[in-house]
Each structure stands twice: as structure tokens, then as C-alpha cells.
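Student: I'd love to talk through this model with you. Could we start with the ligand and then turn to the salt bridges?

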Amino acid sequence: MRNQVRAVVIGGGVVGASVLYHLTKAGWKDVMLIERAELTAGSTWHAAGGMHTVNGDPNVAKLQQYTINLYKEIEEISGQSCGMHITGGLMLAGTPERVDWLKMTIARGRYLGMDLQELSVAEAKKLYPMLEESCFLGAVYDPIEGHVDPYGVTHAYAKSAQIGGAEIVRNNRVLDTQQRADGTWDVVTEQGTVHAEHVVNAGGLWAREVGRMVGLELPILAMEHQYLITEDLPEFVDQKEQFHVIDFEGEIYMRQERGGMLIGTYERAGVPWSTKNTPWDFGQNLLPNDLERIAPSLEVAFQHFPRLGEMGIRRVVNGPFTFSPDGNPLVGPVRGLRNYWVACGVMAGFSQGGGVGLTLANWMTEGDPGADVWAMDVARYGGWANRPYTNVKVRENYSRRFRIRFPNEELPAARPLRTTPVYERLQAENAVFGDYCGLEHALWFAPKGEPAVEEFTWRRSNAHANVAAECANTRDAVGLLEISNYGKFEVTGPGAAEWLGTVMANKVPAIGRITLSPMLNERGRLIGDFTMCRTAENHFFVVGTYAAEEFYLRWFEQHMGAFAGRVLVRPCAMEYTGLSVAGPNSRELLQSLTDADLSTPAFPFMSFAKMDVGLVPALVGRVSFTGELGYEMWVTSDYQRALYDALMAAGKPLGIRPIGGRALNSMRLEKSFGSWAREFRPIYGAFEAGLDRFVDLKRGGFIGAAAAAAEKASGGERKLITLDVAATNADAIGDEPIWHDGKVIGWVTSGGFGHRTGKSIALGYVNKDVAEATTGFEVEIIGERLAATRLATPAFDPQGLRMRG
Ligand SMILES: Cc1cc2nc3c(=O)[nH]c(=O)nc-3n(C[C@H](O)[C@H](O)[C@H](O)COP(=O)(O)OP(=O)(O)OC[C@H]3O[C@@H](n4cnc5c(N)ncnc54)[C@H](O)[C@@H]3O)c2cc1C
């Protein structure tokens, strides 16, 4: 074993082996994988090896496609078979809602280059005679589905990596990882210490233990998972290998395993395994079977596929594997730990392992993952995702694996967890709450006396009319919105302004002013979207997306450089809660509570000041995400209730009513205002996103300036446009394909109904050559291609007179 390498990968499951291979492929030859036992000795060896391309996040779906296409490559390099069986797959729907879901999945597949085909149940029956037609309503065929041999895949990665120069050390547990003062790592193992520049935690079932070596508590939990293999079916002899099948309502997946059937289920009463510590002596073991637990799913399976009920069971496998709270992997660099990387929580190693390896290797060798990997970035979780939270959410996620999540559906587990001081006030107003990073916030308000409950649907829900009333009230009088669920940072120190000028693309505001600014990476792609407010020479209050707080802090720390010691970035999201008022009466309302002059000459659009509102000391900004005249107020949380009460009391004669996030979304769509994680993501450039006026190329000198200038010159590849869709009862929600002249030329990033304009609006990216067209567009919503017209200006108040007036 060498004692000095560039990178050590801890863990020889399918994920660690893939990371190792991709590092060598990227040119890092001096790398080592250390495995406690034999390769595959964690959850990998007993996996069913199934793989598929469909995923709820299109960016993860692309990485799944990459993974499946990779197997040929590693077979060729290594000479090791991956045991690939591309059988094709059938997804079966037993409810109308699931049929809609299948239609949407097919639609999304169009711009992802997937060849999904809708089938009638009779057609599905022809392909898969075992199914009982009366139990299903529709089906989809996916040609790229199948299974691999877990051992073969892991060894093919490993051998390919060795051919590329990597060293693999087996039967050697990593006991500790210690960071030296210079940021490099001592990896202490049973066989001695290895000094490395980089460490990768790919510890799978033991990733938590490996994380704890550096004081990191990763939000992952292993769940027991069972599949069974039936005795051989005589009718399989000499037949083409059977398809993979997912029966959503039965909550089972199936495939042929030699002459029998492999049937797995994500049962509702899932059981976590080793909730706190994973024993180090857990070898290539299986857990005791518990057929009782999966009996309800099997009963449904036997109704849906009666032939299965006649088969004896040859073998049952019960093994653990890990999940994050949302079921997506945890990948990337860990904030505060230089050159410490994770690749864990991968619950579908044979669909995702290749993509995870590629992403991490890109990130380590190039400084950038090379794709939009927000959905799997370890930084999407903050301190709120502690072990008990993870336990509750992982169990919820596991039990819902085959259930639909509607776009307006808020999941109930671990709620309410975090609440702001006005929570009870909003509850008394009959708020329907949503959960964002564990924090409750009002989505909309049900009429008094009616249950504050929303029906889950792909179409317009019972919220529609109420949200309409909230928007109308904001347009005609004044609406009050809680805005606590933003990330907030105090940036202070003698270097604050200069440093902000290097990380933000727009100019730094003058004292008392606000500027909106994208944050770009070196490739000129959008990695953030901020409101910078300046209270003093060396004091800024910066507002961004709360879910990305860790992501931002990681970026800020990595790009502090020579400013270290002269700039302090302090996250203060929960220290400051917020309320905003918007609408034509908002100034009169606020003016009645403060002696600061709020007239436009004294406090114009994009002003920011400390002022007392009622008895409450507040930071007040004149900004608007609704398109109406509006003010945002930030107060320390101890004052939020007093501020709310003062605004509601003073607002009564002015027609105030509380509004929720749904109304805000409707109004920002009417203004064509983009939103982080929707219109603004690392796959888009600032000019593609139409943020031209917020990128100060004249000043330059900020990260990504050169790439942004090049993008401006070339015009980018695509453009964000606004469409007015001829929708009647279902609006776009995001990820629908956009057609033009019979071809798919883009996708929707967000959509909804604009209540002030009566238009169904979709924002989305299209190829730039059609971005100037007005007609000929269609948006495919639940299987229907609906005509759409491009709006050259925002649907509501295109001149922005209302918010500036
Ligand atoms: C019953 C079952 C069925 C499944 N079916 C499928 C399927 O059909 N399709 C699919 O894609 N996925 C499936 N999975 C999930 C799949 O197994 C996982 O996604 C995959 O194995 C995760 O791989 P990993 O490398 O992250 O973790 P692991 O396989 O757990 O690997 C981690 C490795 O790290 C090593 N290690 C840990 N700590 C240390 C240390 N301190 N020092 C040295 N080495 C260490 C361990 O020994 C282990 O070998 C299934 C899982 C189960 C249990």
C-alpha cells in the first residue's frame, strides 16, 4: 500500500468503485480505494441490480441515462462482464391519476431524448401475458430498462480504474481521517496511514460512521428492503427474457431471474435498520425475512398477476441500503472541510452510480460538477436535517416510493417542526401550510369556517378561487405575506463591498440602496440569485434562497481568498423573520406606522433603510416580487408578532388580508420574474435567463465575467420565454415539453395561473432560433398539446409602473 496519494476513496461498493474509475478517466492516476472487506461488501452485493432512466428530477434522469450507457465502456476496458440484460420495461397504471403521471413522464422524456411509448392495457397484455387486464388502465414501455450483475459492475469499474493507474486495497478498514494544518488528509487505516490531498466518503452503509470521523452527521438512514425469487415458471423456458415491470398501485417491481420471477416491494410499513450506528462486524449478511410485512403488497401482486400466486417461493432476500430524506444521493464537497467529498445515500446504485462517479470526479478535478446536480448536492440539507428528522423523512419517502406526489401535495411527516412567531396568527386566519426546509409557511388561506385542507391534483385545486381572491386583494388594496423562508446573510467588514463585487455579477449597491444580482460560476452559469441591501459602508444584508444556504456558504468560503479576515459572512436566516406588504394601499399602510418619509422621492423603488414600524425596529426595503407597490420588512424574530399585529390593525381600513406563497407565485409569473431552482439553475447562463440588466459587464472583475461576456456575444444556446397557454383546467407546473412547429424545442421551468390577468402562464427555455417567434408554440400538459403564444413583455404591468410609482 502506498502511503502518499492524491485521493483516497473510502468504500468499495458500486459507488466508490465508480468514483475511482471516473477519477482515473479524468486523468488522476495517483488514486487509491480502501475497502474494509471485499469489494461489494456493503449493500451492493445483494442488490437486485435493476436499472432505469426515469427519475422525478430531469437532471438526475440524464445522469441515469449516462450510467446505463457506461456499462459497455467499462466492460470493454476491463474485460469484466457487467451481466447486462436490457429487457425493456413496462410501467403499469391502475388509477386515472397514474395514467396522467405516465403521460407526463412520456412528455418529459421527449426533451430528455427518452423513447417512452404509451400502450393500451391490451397492448401491454400482449407483451406481458401474465397481467390481469381488468386491474390496469394504462401502460408505458421504456426500451432502456433492465438489470446488471452487481458484482460484475463493481469489479468492472474497479478493474477499469486499476488499468487507469488506481490502487485498490482490500480488507483494510479506515479507522480515522485527520486533517493536517495545510488542509491535506491523513487517512488512518488498519494497515497504516496514507497521506492524501483529497478524501472521498463512499462508505455506503457506514457513510455515517466515516462522516463522524470528521464530526459530520450525514442525513442518511438504511432501510430494510426485501425481494423474493419464485420457483421457475415453465412458460419462461425458451422465451425471450421478460420485461421489467413496475406496478405502481401494487407497489411492486418485478423481473425475470433465471427461470423464476424476482418480486420486490417498497412496503408502506418500511423498517429502518441500525438507526444510530452501523455495526462494523456486519459482513456480507442478510437480515431475517419478514414476509408478513410485505404480505399486503404481495396480495395485490397476486391479484394483478394471478400466475404469481401459484408459484412457490425459492428465496427471500432482505438487505439494508441507505436513503437521504428525499431519496436522492448526497454528493459533493462538504462545507468547512477542504477537499473532503461525499458520494453516499445512493439508493439506486445501478441507475445512478455512474452519474454520481462522473459528477464527483468532475468536481474534484475541474472544480465544477459539469452538470446541474442540485438535486443530489449534499449542500441541499442544513442542520435541520438531523438524525431524528432524517429517520422520519426517510421512512416517509420509502413508504411513498411508488406513490404519486402531486405538485400541490405537502408531505406530512416531521411537521410542524419549525415555526415562526406568527404561525398561530396565520393558523387563526385559516392558512394552509407548506413545508420548506422544515419551516412552515402559508400557501394560501381557506375561507373561514371551511377546513384548511387542499385536495391533491394535477389540475386546479380548491385553492384556485381563494388564491384568486388573494391576488385581487393585492392588486386592488393590500396583501400581507410572510417572507421568513429566505436565506439571509450579514456581510460585514472592511473588505465587504469589494468581496461582494467579486462574487456577485451586478454592481454593489450604494448605502441605502438595493441591487438584485445573479451569482455566476466560472463558466458563467447561474448558481445564485440575491438581493443585496446596504445599510452602511461596511454592512450588507443579503437575501437569497434558504434551501441553498449551505450551498452559498460553501461557495462563499471557497471564494474568500485574500479577503479572509477582512470580511465576515454570517448566516442569519432564522434570526430575522420577515413580512411584506404589497398593493396600492401598502404605502399608506406603512406610512401610518412610521415617521420615515415613504414618498417616492424620499424612498424610491430599491431603497433600503432601518426604520421603526409601530414599536418595531425594522430593516425596510422597497422591493416587489408581486409587481405591485410593495415593501419588505425584516425584524429580529422577537418582534415579528408585534409587527404583524400592527400591520393587520392599521391595514384593516385599507382592506388588508393575508396572502400566501401560491398568490406570490401567480403574481411573479405574471411579471415573468424568474425564481431560483426553476428559471435560475447552473445549466443556464445569465443572458439566456434574460438577466442582462443585472450583469455588470462594464465593471467586470467578478467570477464568471469572461464567460458571461462570451455568452452575451454568442447569444447563448437558449432563451427564457413567457408563454400564454390556452389551458382550461390544468396549468403547466414545470418540466413539460414546449413544442414549436411540431418539434420539441424546450421545456417549461414553472407555470401556473395568473389571476390578475386571467392567463395561464408558463416560463421556459427554448432554442434561441425560435425564441423570437410569437405563435406556433404548444405546451404539453397531461398528454394534451395546448396552443401557446409567446408574450414579448410580462403579462402584468409590462412597464413596471405600479411597483415604481
Ligand atoms: C435488497 C436490495 C435490493 C436492491 N436492489 C437494487 C436495484 O435493483 N437497483 C439498484 O440500483 N439498487 C438496488 N439496491 C440498492 C443498491 O444496493 C445501492 O444503491 C448500492 O449498493 C449503494 O452502493 P454504495 O457503494 O453506496 O454502498 P455500499 O455497497 O454499502 O458500499 C460501501 C462500501 O464501503 C465500505 N466501507 C465502509 N466504511 C469503510 C471504512 N471505514 N473503511 C473501508 N471501507 C469501508 C463497505 O465495506 C462497503 O463495501 C438494492 C439494495 C438492496 C439492499
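**Ligand and salt bridges**

Tutor: Happy to! An oxygen atom of the ligand sits 2.8 Å from an N or O atom in the side chain of Arg 36, a polar contact being a pair of N or O atoms within 3.5 Å. This is a predicted model, where local features need pLDDT of at least 70, side-chain atom pairs count only at pLDDT 80 or more, and totals for chains, interfaces and linings use all residues. Residues are numbered from 1 along each chain as its sequence is written, and side-chain values use heavy atoms, with hydrogens and water left out.

Student: How much of the ligand's area does the protein bury?

Tutor: Accessible areas come from the Shrake-Rupley method with a 1.4 Å probe. Taken alone, the ligand exposes 1000 Å². Of that, the protein buries 98%.

Student: Which residue offers a backbone N or O atom 2.8 Å from an oxygen atom of the ligand?

Tutor: Backbone atoms take part as well: a polar backbone atom of Ser 43 is 3.0 Å from a ligand oxygen. The residue with the backbone N or O atom at 2.8 Å is Gly 50.

Student: How many residues apart in sequence are the parts that Glu 167 and Arg 2 tie together?

Tutor: Their side chains meet in a salt bridge (a side-chain nitrogen of Lys or Arg within 4 Å of a carboxyl oxygen of Asp or Glu), with N to O at 2.8 Å. Glu 167 lies in strand β9 and Arg 2 in the segment before β1, so the pair ties together parts whose separation in sequence is 165 residues.

Methods:
Polar contact = N/O pair within 3.5 Å; in protein donor to acceptor, adjacent residues only side chain to side chain. Helix = DSSP H or I, 4+ residues; strand = E, 2+ residues; numbered from the N terminus.
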